Amino acid sequence: MTDLDLSFIGTGNAFAPGGLCWNGFLVNEKFLFEAPPQALMSLNRLGVDPNAIEAVVISHHHGDHFLGLPFLLLHWKYFGRKTPVRIIGPSETEAVARQVCERVYPGLFDFSFEIEWATAAPGAPITTGDLTVESVPVKHDRKLNENLGFACRLGDRRFAYTGDSAICEAVLDLARGSELLVSECASRAERLPMHMNLVDDMPVLRAALPPESSLLITHINSDVTDPGLPRTAVARDFERYRF
Ligand SMILES: [Zn+2]
């Protein structure tokens, strides 16, 4: 059975409550889900070589999921990246990245390695090494061009990630097909229109998962603790979870 090994580079929601790092996680030390502002710092702190990242998977263009990309590019450019990297995200990810990066580090895109930009379109799985991701539209910020969750295969393992989303049929579908679901949960009891909470939504999501599957909660407020649900845990910054 393929190892399924997740290291969290952050677990906080957009407000970094209580000093939590912004949400993101690394799968098997080579596939990075989300590029939060502190992504490079977190990889360095975990002792993971940023040049070993084979793909970055971005769910949407909110700053807490995206604005770490300039720093990753900076590292790759000046610290010897030679191998290609794939960046998977919603449509216009390359255009948004170029806009931001060229303004904050002019000339940043003048580098010698290759970026393979891949638009994550629903129904069109993207394979990088032993990881295959297929996007699903989720219910988040309608002012953004797209908001995605991902159904993923890693060798013979199946996991999913909600991205940022309110409770909706798409995230329930992700739960039904997964042995591990990484879910956002932005608050304990407060009802936020673009997000899920612990009290109302996590029990619904947990019920949609097969009983033997695991639920890992991230993108949290600092009062999201002790889920009290079977096979469910709240992820912690810089913690590693093996399944
Ligand atoms: Zn968001």
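## Exercises on a predicted model

Beyond its neighbours within four places in sequence, aspartate 237 is in contact with Phe8, Gly10, Thr11, Gly12, Leu20 and Cys21. The model is predicted. The exercises start from this residue.

**Exercise 1.** Place aspartate 237 in the fold, and decide whether aspartate 237 is buried or exposed.

*Solution.*
- Locate the residue. Aspartate 237 sits in the loop between strand 13 (232–234) and strand 14.
- Check the accessibility. The relative accessible area of aspartate 237 is 18%. Buried means under 20%, so aspartate 237 is buried.
- Read the contacts. Among them are Phe8 and Gly10, and strand 1 covers residues 5–10. Cys21 is another contact of aspartate 237.
- Take a distance. Lysine 30 lies 207 residues from aspartate 237 along the chain, and their C-alpha atoms are separated by 18 Å.

**Exercise 2.** Work out how many disulfides the model has, and explain why cysteine 21 has no bond to cysteine 185.

*Solution.*
- Set the cut-off. Two cysteine sulfur atoms must be within 2.5 Å.
- Test cysteine 21. Its closest cysteine sulfur belongs to cysteine 185, 18 Å away, and that is too far for a bond.
- Test cysteine 168. Its nearest cysteine sulfur is also that of cysteine 185, at 14 Å, and cysteine 168 is in no disulfide.
- Count. The total is zero disulfides.
- Add the accessibility. Cysteine 21 is buried at 12% relative accessibility. Cysteine 168 is buried too, at 16%.

**Exercise 3.** Give the strand order of the seven-stranded sheet and name its edge strands.

*Solution.*
- Write the order. The sheet is open, and its strands run 6-5-4-3-2-1-14 with mixed pairing.
- Find the edges. Strand 6 (115–119) and strand 14 (240–242) each pair on one side only.
- Add the twist. Ignoring direction, neighbouring strands are turned by 20° against each other on average.
- Take an antiparallel pair. Strand 1 (residues 5–10) joins strand 2 (residues 24–27) in the antiparallel sense, over four bridges. Glycine 10 has glycine 24 of strand 2 as its bridge partner.
- Take the parallel pairs. Strand 4 (residues 55–57) and strand 5 run parallel, joined by three bridges. Strand 5 and strand 6 are also parallel, with five bridges.
- Match residues. Valine 57 stands opposite isoleucine 88 in strand 5. Glycine 89 stands opposite threonine 119 in strand 6.

**Exercise 4.** Show why strand 5 is largely enclosed by the rest of the structure.

*Solution.*
- Recall the pattern. In a regular strand, side chains alternate between the two faces of the sheet.
- Split the strand by face. Val85, Ile87 and Gly89 are on one side, and Arg86 and Ile88 are on the other.
- Check burial. These residues are all buried, so both faces are covered.
- Conclude. Five of the five residues of strand 5 (residues 85–89) are buried, so strand 5 is largely enclosed.

**Exercise 5.** Describe how helix 1 packs on the sheet and against helix 3.

*Solution.*
- Start at the sheet. Helix 1 (residues 39–46) packs on the sheet and touches strand 1 and strand 2. The direction of helix 1 makes about 130° with that of strand 1.
- Move to helix 3 (residues 69–78). Helix 1 packs against helix 3 at about 55°, with axes 7 Å apart.
- Classify. The two helices are therefore oblique to each other.
- List the residues. Ala39, Leu40 and Leu43 of helix 1 meet Phe71, Leu72 and His75 of helix 3.
- Sort by class. The contact has five nonpolar residues, one polar and no charged.

Key
Residues numbered from 1 in each chain as written. Predicted model: local features only at pLDDT ≥ 70, side-chain atom pairs only at ≥ 80, totals over all residues. Heavy atoms only, no water. Buried < 20%, exposed > 50% of the residue type's maximum accessible area, 1.4 Å probe, protein only. Pairing = 2+ DSSP bridges. Axes fitted to C-alpha atoms, helices over the stretch in contact; angles between N-to-C directions. Contact = heavy atoms within 4.5 Å. Parallel < 35°, antiparallel > 145°, perpendicular 65-115°, else oblique. Nonpolar A, V, L, I, M, F, W, Y, C, P; charged D, E, K, R; others polar.
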